[in-house]
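I opened a fresh page to walk through this structure and jot down what I looked up. Come along and follow with the viewer open.

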Amino acid sequence: MAKSASERISGAGLAALAFPPSDVAAQPVMADTSVVSRSEAHPVLALAAWHSLAWLLVANLTGVWLAILLLYPAAGRWLGEWSYGRWTPVHLNFQLYGWMALPLVAWAIRIYHADRGAIATWSRTALILWSLALAMGAVSWLNGNSSGKLFLDWTGYARVLFPLAVLFLWVVLAAGYKRTWHEPENRSPLIRATKLIGLALLSLVPMVIYLASDPATYPAINPDTGGPTGASQLESTLAIVLILFLLPHGLTHRKTTGRNWIAAAWVVFAIEAMLCLGLGRADVSHHLPLQFISLGTLLIWVQLVPAYFSAFAWPTSTRLWRVAVLGYWALLVPTGWAFFLPGILDRLKFTDALVGHSILAMAGFVSSLLILILAVLFDGDGQVFNARWPFVAWHGATLAYVVLFFFTGWKEGGDPAFTIVPGPARNLIYAVRLVLGIAMTAASAYWLLRITGCIRSRGASNADQPSSLRTPAYPEAQRS
């Protein structure tokens, strides 16, 4: 009889994700009041970067395994009941809740000053609990437990554990903000109001995840495709635009020029938000002109987002990834709207073309944005993300994936059996997908190894110094 998921996932493997190299651990606060070098990130932020990249590597390895199963289905017998269908939510959720969520968690920890003093220890605990809850989710999914909802597969004990981990993080963020409430940077009424609103919204996340995972709860759908409506796509895209607006404020500072672009962007955002509210939440077809015309208003952000970003002073070391972010954005928005148009969506629905667009969004745009965040948070050591071959491997594979999936999806639209019935063309496509997945996995392994090396070297250099000369891990804690 095949072993259960809990037996197959080794304790050592889970411990490696939850407890990275010991050098990552937060250093004790010391009496010395010297200033930390700008080339060093706080240990907690380094830990968050390590966790996120570890999940990226594991998620990509899972994706490679899925690509092998597509090319050689008989390999599925090696793992018994752990079938393609059980590995798929593991791959997708590791990408979303591991790789894509934790850099934003690191950003929030920095925003709310939860990387300082004693609070930093609790931030470290929050990161460990987050990863452990995600690992327990994998055990649940591999054992065949799922709500059946994409990216909301939480069910049973996992449906409770992960929201609790998110709630614990929220408590830590709130405690960090309370501790630094009277610091100069928090005395502005606008900043205080913005951060309090942020905490209020974040407090809803655990309950939203729990309720949204209920199979009986479902949003409005397009009756012609079974997918999202134009209104829901507009809403989700505006949520991404809002995140893009907020991120620079926690990572860098505004230039003396470009303020008009910032003001104009917020005005347009307010107008789009009112349009989104006016469209309602009913089940509506993409053939209704109001749906695809209103979604077309997003095209203005192709110009406005780069203009908004240009109003901030970014570290020069992040130029490669800023170009990547804005380049993918310029591809993502127009193609997303074009794919929604009547006639095009009717042919491409339920095909690999829409998967290709999601890869353009996630592996291209979102991943580039996340590495940009990590490069800024990791400060001087963020240069590890600028190595040429992993950069080329990642983006080359991503763009090749997109082109391949667009082609495959278009063929599927005319011949639904194209990727079902084995044949030379189909097998070649699956083989190329496997090679591209390996290339992206190699890039993610490189970044994780380099970040691990940076963390270890910091710990070693700090330990070699006399105690009176060691760099305090949390110098901000010394401020009055």
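**Entry 1: two rings in one helix**

I began with tyrosine 401 and phenylalanine 405, which sit four residues apart in helix 17 (residues 388-414), so about one helical turn separates them. A reminder to myself: this is a predicted model. I looked up burial for both residues. Tyrosine 401 has 12% relative accessibility and phenylalanine 405 has 3%. Since buried means under 20%, tyrosine 401 counts as buried, and phenylalanine 405 does too.

**Entry 2: the chain as a whole**

Next I stepped back for the overview. I noted 18 helices and two strands in the chain. Of its 480 residues, 49% are buried. The exposed surface comes to about 21700 Å², and carbon and sulfur atoms supply 69% of that area. I also looked at contacts between residues at least 6 apart in sequence: 83% of them join residues at least 24 apart.

**Entry 3: aromatic pairs**

How many aromatic pairs does a search of the whole structure find? I got 27. I picked out tryptophan 130 and phenylalanine 162, an edge-to-face pair with 5.1 Å from centre to centre and 75° between the planes. Tryptophan 130 belongs to helix 6 and phenylalanine 162 to helix 7, so this pair ties together parts that lie 32 residues apart in sequence. Both tryptophan 130 and phenylalanine 162 are buried. Then I returned to tyrosine 401 and phenylalanine 405: their ring centres are 5.5 Å apart and their planes meet at 65°, so I logged this pair as edge-to-face. I also found a cluster linked by ring pairs, made of Phe245, Trp266, Phe269, Trp301, Tyr308 and Phe312.

**Entry 4: salt bridges**

The count here is two. In one salt bridge, the side chains of arginine 116 and glutamate 183 meet at 2.7 Å, N to O. Arginine 116 is in the loop between helix 5 (102-111) and helix 6, while glutamate 183 is in the loop between helix 7 and helix 8, so the bridge ties together parts 67 residues apart in sequence. I checked burial, and both arginine 116 and glutamate 183 are buried.

I then looked at aspartate 352, which bridges to arginine 433 with the closest N and O atoms 3.6 Å apart. This pair links distant parts of the chain, with aspartate 352 in helix 16 (residues 352-377) and arginine 433 in helix 18 (residues 424-464), 81 residues apart. Aspartate 352 counts as buried at 13% relative accessibility, and arginine 433 is buried with a relative accessible area of 13%.

**Entry 5: around threonine 180**

I found threonine 180 in the loop between helix 7 and helix 8 (189-202). Is threonine 180 buried or exposed? Its relative accessible area is 2%, so it is buried. Leaving out residues up to four places away in sequence, threonine 180 touches Tyr112, His113, Arg116 and Asn186. I was pleased to meet Arg116 again, the salt-bridge partner of glutamate 183.

**Entry 6: a meeting across the sequence**

Alanine 46 is in helix 3 (residues 43-71) and is buried, with a relative accessible area of 2%. What lies 409 residues from alanine 46 in sequence, yet 7.2 Å away in space, C-alpha to C-alpha? I found isoleucine 455. Apart from neighbours within four places in sequence, alanine 46 is in contact with Phe378, Ile455 and Arg458.

**Entry 7: helix 12 and its neighbours**

I listed the buried residues of helix 12 (residues 289-296): Gln291, Phe292, Ser294, Leu295 and Gly296. They pack against helix 10 (230-251), helix 11 (259-279) and helix 14 (319-340).

**Entry 8: a nonpolar patch on the surface**

I looked outside next. A nonpolar patch of about 850 Å² is formed by Met136, Tyr157, Val160, Leu161, Leu164, Leu167, Val171, Met207, Tyr210 and Leu211. Helix 7 (157-179) and helix 9 (205-212) each supply at least two of the patch residues, and helix 7 gives the most, with six. Methionine 136 sits in helix 6 (residues 117-142) and is partly exposed at 32% relative accessible area.

**Entry 9: cysteines**

My last check was for disulfides, and I found zero. I looked up two cysteines as well: cysteine 276 counts as buried at 5% relative accessibility, and cysteine 454 counts as buried at 12%.

Conventions
Residues numbered from 1 in each chain as written. Predicted model: local features only at pLDDT ≥ 70, side-chain atom pairs only at ≥ 80, totals over all residues. Heavy atoms only, no water. Patch = residues over 30% accessible without salt bridge, like charges linked within 9 Å, V, L, I, M, F, W, Y side chains within 5 Å. Areas by Shrake-Rupley, 256 points an atom, 1.4 Å probe, with all protein chains shown as cover. Salt bridge = Lys/Arg side-chain N within 4 Å of Asp/Glu carboxyl O. Buried < 20%, exposed > 50% of the residue type's maximum accessible area, 1.4 Å probe, protein only. Disulfide = S-S within 2.5 Å. Contact = heavy atoms within 4.5 Å. Phe/Tyr/Trp six-rings, centres within 6.5 Å; stacked < 30°, edge-to-face > 60°.
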